[in-house]
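Hello,

Here is the structure I promised to hand over. Please have a look at it first, and then read my notes on what turned up.

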Amino acid sequence: MKVAWIGLGQMGLPTAKAVAAGGHQVRAYDVKPPAAQDAQGLVLVGSPREAAQDADLVCLAVFSDDQVADVLTGPEGVIDLLKPGAIVAVFTTGSIESIQAIAASVPAGIAILDTCFSRMQSEMASGKLTLLVGGDADAIERGRPVFDTFARAIFHVGASGAGRAIKLVNNILFAGHIQLASDALRLAQGLGLERSSTAAALIQCSGASDVMARFVDEDPAGILETVRRYMVKDVSAAMDAGDKAGVDLGALAAATATYIAK
């Protein structure tokens, strides 16, 4: 397939390269393009429109809803040049309503999928992601040859917005796990235990979570700071979605309050 890939950050670049390695033609763009040697297999271009020209599948791995809207419908947006039957896969985590609004407003024949990806710590080495998809089932199947190059599992979880909804559930749970694991290890150290060996033991116990494995080799404070940029955005979006749905998040809100405190 002819693939446009827009956004070559921490997750976007290796995923785009996996698509190219799978035999697909990938024209890629980022406002801060990677060095040529780091983008082997990709055709780096100078704008989203140049990337999207004649593409079968347009993949957006940008940070925010505002960036998604700018790429698709902004002054230099790509929607107007997409050919009938084109698919737009939006990997960005954000509000449910914003992706639904985009899906409802695009020209007939263009499919918008909210394709949110995640992965477990134990499977990071494989490079394979879990893909959580909302949108048209036929469009998912048409995009599967590309998605299969980087996804170990693909879950069609419902109509437009459902992929984002489950990703928000995942990310607020992940944020809570990270905070709880960090606090638990502070307790362990306060009791005279060594952090790394305690984490290694706990991942074999009933209190384990996938995130605990991160603390065997890494300092909790550093991990919390690394994920904060994303979790501030995602926890806030999950909280907002919960408020709109009338759901009291209770202990989950308490465990993730640090991400919205600043």
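**Pockets, cavity and overall build**

α6 and α8 each give two or more residues to the lining of the second largest pocket. Keep in mind that this is a predicted model.

Let me finish with that pocket. The second largest pocket has a volume of about 160 Å³. Its lining consists of Ile96, Ala165, Leu168, Val169, Ile172, Ala238, Ala241, Gly242, Ala245, Val247, Leu249 and Leu252. By class, 11 of these lining residues are nonpolar and one is polar. The lining of the second largest pocket has no charged residues.

Now the main one. The largest pocket holds about 1,600 Å³ of space. A total of 50 residues line the largest pocket. Which of them lie nearest its centre? They are Gln10, Met11, Phe117, Lys167 and Tyr230.

Several elements contribute at least two residues each to the lining of the largest pocket:

- α3, residues 65-73
- β6, residues 111-118
- β7, residues 129-134
- α6, residues 162-190
- α8, residues 220-245

The largest share comes from α8, which supplies eight residues to the lining of the largest pocket. The class split for the largest pocket is 23 nonpolar, 14 polar and 13 charged. Set that beside the second largest pocket, with its 11 nonpolar residues, one polar residue and no charged ones.

Next, the enclosed space. How many cavities of 30 Å³ or more are there? The count comes to one. The largest cavity has about 30 Å³ of space. Its lining is made up of Ser95, Ile96, Glu97, Leu168, Ala237, Asp240 and Ala241. Two or more of the lining residues come from each of α4 (96-105) and α8. α8 gives the most to the lining of the largest cavity, with three residues. By class, the cavity lining has four nonpolar, one polar and two charged residues.

Some residues turn up twice. Ile96, Leu168 and Ala241 line the second largest pocket, and Ile96, Leu168 and Ala241 also line the largest cavity. α8 is a recurring name too: α8 supplies lining residues to the largest pocket, to the second largest pocket and to the largest cavity.

On to the protein as a whole. The secondary structure comprises nine helices and eight strands. The radius of gyration is 19 Å, close to the 18 Å that the globule rule gives for 262 residues, so the protein is as compact as a globular protein of that length. Along the principal axes, the C-alpha atoms fill a box of roughly 60 × 45 × 30 Å.

Of the 262 residues, 47% are buried. Among contacts with a separation of 6 or more, 63% are between residues 24 or more positions apart. The accessible surface comes to about 12,200 Å². Carbon and sulfur atoms account for 56% of that surface.

One last residue. Where does glutamine 40 sit? Glutamine 40 is in the loop between β2 (25-29) and β3 (43-44). Is glutamine 40 buried or exposed? Its relative accessibility is 58%, and the cut-off for exposed is over 50%, so glutamine 40 counts as exposed. Glutamine 40 and isoleucine 87 are 47 residues apart in sequence. In space, C-alpha to C-alpha, glutamine 40 and isoleucine 87 are 24 Å apart.

Over to you.

Best wishes

Key: Residues are numbered from 1 along each chain as its sequence is written. This is a predicted model: local features need pLDDT of at least 70, side-chain atom pairs count only at pLDDT 80 or more; totals for chains, interfaces and linings use all residues. Side-chain values use heavy atoms; hydrogens and water are left out. On a 1 Å grid over the protein atoms alone, a cavity is a set of points where a 1.4 Å probe fits but cannot get out, and a pocket is an open set with protein on both sides within 12 Å along at least five of seven lines; lining residues have an atom within 4 Å of a point. Grid points are joined across faces, edges and corners, and a volume is the space filled by probe spheres set on the points. Helices (H or I, at least four residues) and strands (E, at least two) are DSSP runs, numbered from the N terminus. Ala, Val, Leu, Ile, Met, Phe, Trp, Tyr, Cys and Pro count as nonpolar, Asp, Glu, Lys and Arg as charged, and the others, Gly among them, as polar. The radius of gyration is taken over C-alpha atoms; the globule rule is 2.2 Å times the number of residues to the power 0.38. Buried means under 20% relative accessible area, exposed over 50%, partly exposed in between (1.4 Å probe, protein chains only). Contact means heavy atoms within 4.5 Å. Accessible areas come from the Shrake-Rupley method with a 1.4 Å probe; for residues, only the protein chains shown count as cover.
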